[in-house]
Amino acid sequence: MSSARRGGDGASMTATPSFAKDTGAAMSDGILVFVTLPLLIGPIILPFAGRWVDRLGARRVAIPSAALYAALTALIPVCGSSVPVLAVVLILASTFGFMAGLAVVFKVISTWLPQHKGIGFALGGLASGVAAAVFSPVFQWLISGGAGLGWKGAYLLVAAMIALVAIPTAMFLISEPTAPRVTGRFSGRLPLPSGDGYQRAA
């Protein structure tokens with residue numbers, strides 16, 4: 001899931017020159033909508049996403065978020081002619097991308113590895129960094145290299161990857177440990193120690 005998010009980031013960074021050339025928009029507009037706005041979404045949405053994951057569970061957040069992430073990513077090429085509309089779609093896509101990715105990954109790591117959270121988060125960060133390093137040149141090749149897909153084709157491919165990888169992962173591979181059952185009834189009163197003094201005081 002985090003890899004899908006990083007794949008989208010790689011496409012965003014490498015899509016800016018192709019987008020500006022294709023649409024005639026200024027490079028500054030491309031950097032704003034493709035790079036700056038999506039990067040600002042993370043710090044804003046993650047606290048809320050983490051709270052929703054805690055309340056609803058990882059799978060119940062991940063499945064619809066991944067589906068909406070894929071759908072909105074597929075809409076990005078369609079909205080390329082209007083920078084304001086494209087900005088809104090990219091903000092929404094980034095929102096659901098962070099919800100389906102980092103918020104869920106952190107929750108799963110913290111619940112499955114309660115005694116080794118540091119190692120789990122470090123490995124998650126390592127996987128995310130490696131994915132970014134691998135995906136960036138790949139998408140550069142897809143957009144302006146031998147593949148010749150352009151920025152629109154690259155985003156459609158990203159959307160297909162999210163649909164084919166992130167959604168099944170959310171449906172079939174994400175799980176949380178079952179909380180242990182509490183048996184018996186607890187009245188809220190602690191038992192008093194035995195002894196004449198305690199019995200008389202009670």
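In what order do the elements of the protein run from the N terminus on? In this predicted model, the elements run α-α-α-α-α-α-α. The protein has seven helices and zero strands. Of its 202 residues, 37% count as buried. The accessible surface comes to about 11,600 Å², and carbon and sulfur atoms hold 68% of that area. Among contacts with a separation of 6 or more, 73% join residues that lie 24 or more positions apart in the chain.

Turning to the interior, the largest nonpolar core contains 30 residues. Within this core, the residues that touch the most other members are Phe34, Ile76, Leu86, Leu90, Trp151 and Tyr155. Two or more core residues come from each of helix H1 (2–23), H2, H3, helix H4 (83–112), H5 and H6. Helix H6 gives the most, with seven residues. A second core, separate from this one, has 13 residues, including Ala49, Val61, Ala103 and Ala170.

Aromatic rings deserve a closer look. A search of the whole structure finds six aromatic pairs. One of these joins Phe34 and Trp151, whose ring centres are 5.8 Å apart with 80° between the planes, an edge-to-face arrangement. This pair links distant parts of the chain, since Phe34 belongs to helix H2 (residues 27–56) and Trp151 to helix H6 (residues 150–172), 117 residues apart. Phe34 has a relative accessible area of 1% and is therefore buried, the cut-off being under 20%. Trp151 is likewise buried, with a relative accessible area of 1%.

Trp151 also pairs with Tyr155: the ring centres are 6.5 Å apart and the planes meet at 80°, so this pair too is edge-to-face, for which the angle must be over 60 degrees. Trp151 and Tyr155 are four residues apart in helix H6, so about one helical turn separates them. An α-helix has 3.6 residues a turn, which means that residues three or four places apart point the same way. Tyr155 is buried as well, because its relative accessibility is 3%. Ring pairs join Phe19, Phe34, Trp151 and Tyr155 into a cluster. Of this cluster, Phe34, Trp151 and Tyr155 reappear among the residues with the most neighbours in the largest nonpolar core.

Helix H3 (residues 58–75) offers a handy check on geometry. With 18 residues at 1.5 Å a residue, the helix should span 26 Å, and the end C-alpha atoms are indeed 26 Å apart, so the two values agree. The expected span is 1.5 Å times one less than the number of residues. Which residues of H3 are buried? They are Ala58, Val61, Ala62, Ser65, Ala66, Tyr69, Ala70, Leu72 and Thr73. Of these, Val61 is also a member of the second nonpolar core.

A final example comes from helix H5 (residues 117–144), where Gln140 is found. Is Gln140 buried, partly exposed or exposed? Its relative accessible area is 36%, so Gln140 is partly exposed, a class that lies between the 20% and 50% cut-offs. The C-alpha atoms of Gln140 and Ala154 are separated by 9.2 Å, while the two residues are 14 residues apart along the chain.

Definitions and conventions
Residues numbered from 1 in each chain as written. Predicted model: local features only at pLDDT ≥ 70, side-chain atom pairs only at ≥ 80, totals over all residues. Heavy atoms only, no water. Buried < 20%, exposed > 50% of the residue type's maximum accessible area, 1.4 Å probe, protein only. Phe/Tyr/Trp six-rings, centres within 6.5 Å; stacked < 30°, edge-to-face > 60°. Core = buried A, V, L, I, M, F, W, Y, C linked by side-chain atoms within 4.5 Å. Contact = heavy atoms within 4.5 Å. Areas by Shrake-Rupley, 256 points an atom, 1.4 Å probe, with all protein chains shown as cover.
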